[in-house]
Amino acid sequence: MTTLQEAPVSHLRENPFGIAQAQLRRVGDTFGIDDNLINVLSRCKKAVEVSIPTQMDDGSTKVFAGYRVTHNIARGPSKGGIRYHPDVTLDEVKALAMWMTWKCALANIPFGGAKGGVVVDPKSLSRRELERMTRRFTSEIINEIGPEKDIPAPDVGTDARVMAWIFDTYSMNKGHSVLGVVTGKPLAIGGSLGREEATARGALYVLRGAARKRELSLNGATVAIQGFGNVGSYLARFVAQDGATVVAMSDSGGGVHNPKGIDVEAAFAHKREHGTLGGLRDTEPISNDDLLLLECDVLAPCALEQVINESNADRIKTKIVVEGANGPVTPSADEILEQNGVLILPDVLANAGGVIVSYFEWVQGLQEYFWKEDEVNAKLNDIVTRAFNETWATYETRQTSMRIAAYGLAVQRVAEATVTRGIYP
Ligand code: NAD
């Protein structure tokens with residue numbers, strides 16, 4: 001039996017949970033929130049670490065490490081994705097769980113924050129190995145999750161197929177189908193129309209709002225997008241539909257570039273056929289590092305954390321950064337970008353579309369009553385636009401960054417719920 005440990009080289013330059021806690025303290029100072037409350041909110045309610053023995057196709061057994069963390073449940077059951085990536089660490093999962101609390105509160109949906117992760121490269125597993133690993137992970141956290149308790153969803157390296165296995169494993173153990181246990185499910189088993197594209201659609205709505213405020217038309221704007229997964233690929237499609245010129249896109253294998261614009265639909269077809277963007281016709285290769293430094297109107301990091309940091313922030317040449325990914329800009333890079341007049345649309349606002357439509361999926365599942373796609377998208381637009389307007393108003397009145405404005409609104413809501421409930425006992 002072999003044990004898989006964390007990958008030797010990580011994309012994380014700084015401890016993400018340290019960053020999340022420092023951001024919270026800054027918000028506490030800016031908004032005058034009681035220190036005792038900030039202390040409560042700076043910790044995670046619960047963190048579970050499990051080992052996941054998995055039989056491989058060759059008969060050997062590998063043991064993967066998995067985590068499920070609940071940050072806070074003051075405003076409702078906890079909600080957050082499950083990430084499969086070789087660099088996953090407990091502190092990364094804790095940071096992502098805390099950001100989920102703020103994201104749900106900013107959107108004003110009745111959830112707290114959670115996150116899960118498994119230290120694994122899902123691409124290195126066969127379909128059967130991935131399924132066995134997912135089902136065993138679900139069994140190990142079965143007492144932690146549930147429709148009234150903690151509801152997982154997809155994140156990096158997981159998708160609707162993985163959610164279907166989680167749903168099935170949980171339901172088999174309960175003896176009946178439990179639609180509300182997980183979101184991001186396939187449509188055939190209680191998924192929501194519009195969920196797959198929801199994160200990118202939310203980012204588009206936020207970007208449209210910001211472009212209006214900055215008197216920038218998306219029609220004709222140049223956009224560079226890092227990450228061609230769930231978030232990045234649909235965002236590329238949506239901005240192109242709004243008339244933007246997508247000048248660069250990338251996946252983990254590297255990027256493609258054409259200053260005159262990339263045919264996004266051809267990129268979808270190429271990725272489907274070849275599994276990578278590399279070699280897409282009418283494009284030149286570009287590295288993930290150089291993509292971030294392109295001169296463009298909008299830069300959308302939609303892959304992993306900390307890609308914009310103090311080593312490259314002063315060379316970023318964009319007007320707007322829209323954070324499709326969670327935590328792609330470090331606090332020191334935040335300051336440099338701010339000084340350089342770059343508008344940052346923070347993760348908790350820009351990528352909230354995913355959890356908002358997950359909320360719709362959960363409601364539809366609990367009611368066993370499913371909505372039309374137009375209805376989903378219209379309700380998403382309402383919630384995202386309200387959150388954007390509230391954040392923008394706070395940004396202007398407080399003369400702070402969009403990030404601190406968004407976190408401030410969110411943390412105040414969670415703090416109010418905590419005070420109203422009282423500290424048990
Ligand atoms: P995904 O697995 O579908 O796609 C990730 C993409 O990033 C892939 O194209 C992958 O090739 C690329 N990538 C991986 N490592 C990279 C690297 N080192 N450099 C450049 N690209 C790299 O994941 P996703 O669901 O699109 O999530 C992307 C980001 O968006 C994550 O930060 C995630 O937490 C965040 N997010 C996702 C959702 C959602 O609904 N899926 C919701 C909110 C936030």
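This passage describes a sheet, a pocket and the surroundings of a ligand in a predicted model. Local features were accepted at pLDDT of at least 70 and side-chain atom pairs only at pLDDT 80 or more, whereas totals for chains, interfaces and linings use all residues. Residues are numbered from 1 along each chain as its sequence is written, and side-chain values rest on heavy atoms, with hydrogens and water left out.

Seven strands (DSSP runs of E, at least two residues, numbered from the N terminus) form an open sheet of mixed pairing in the order β10-β9-β8-β7-β11-β12-β13, where pairing requires at least two DSSP bridges between two strands. At the edges lie β10 (284–286) and β13 (343–345), each of which pairs on one side only. Strand β12 (residues 318–322) runs parallel to β13 and is joined to it by three bridges; within this pair, valine 322 has leucine 345 as its bridge partner.

The lining of the second largest pocket, taken as residues with an atom within 4 Å of a pocket point, comprises 13 residues, with Val40, Asn72, Ile73, Thr418 and Ile423 nearest the centre. At least two lining residues come from each of β3 (61–72) and α14 (402–421).

Around the ligand stand 21 residues, of which Asp155, Thr199, Asn230, Ser252 and Asn326 come nearest, a residue being counted if one of its heavy atoms lies within 4 Å. A side-chain N or O atom of asparagine 326 lies 2.8 Å from an oxygen atom of the ligand, while a backbone N or O atom of glycine 157 is 3.0 Å from a ligand oxygen atom.

Technical notes:
Helices (H or I, at least four residues) and strands (E, at least two) are DSSP runs, numbered from the N terminus. On a 1 Å grid over the protein atoms alone, a cavity is a set of points where a 1.4 Å probe fits but cannot get out, and a pocket is an open set with protein on both sides within 12 Å along at least five of seven lines; lining residues have an atom within 4 Å of a point. A polar contact is a pair of N or O atoms within 3.5 Å; within protein, one must be able to donate a hydrogen and the other to accept it, and residues adjacent in sequence count only if both atoms are side-chain atoms.
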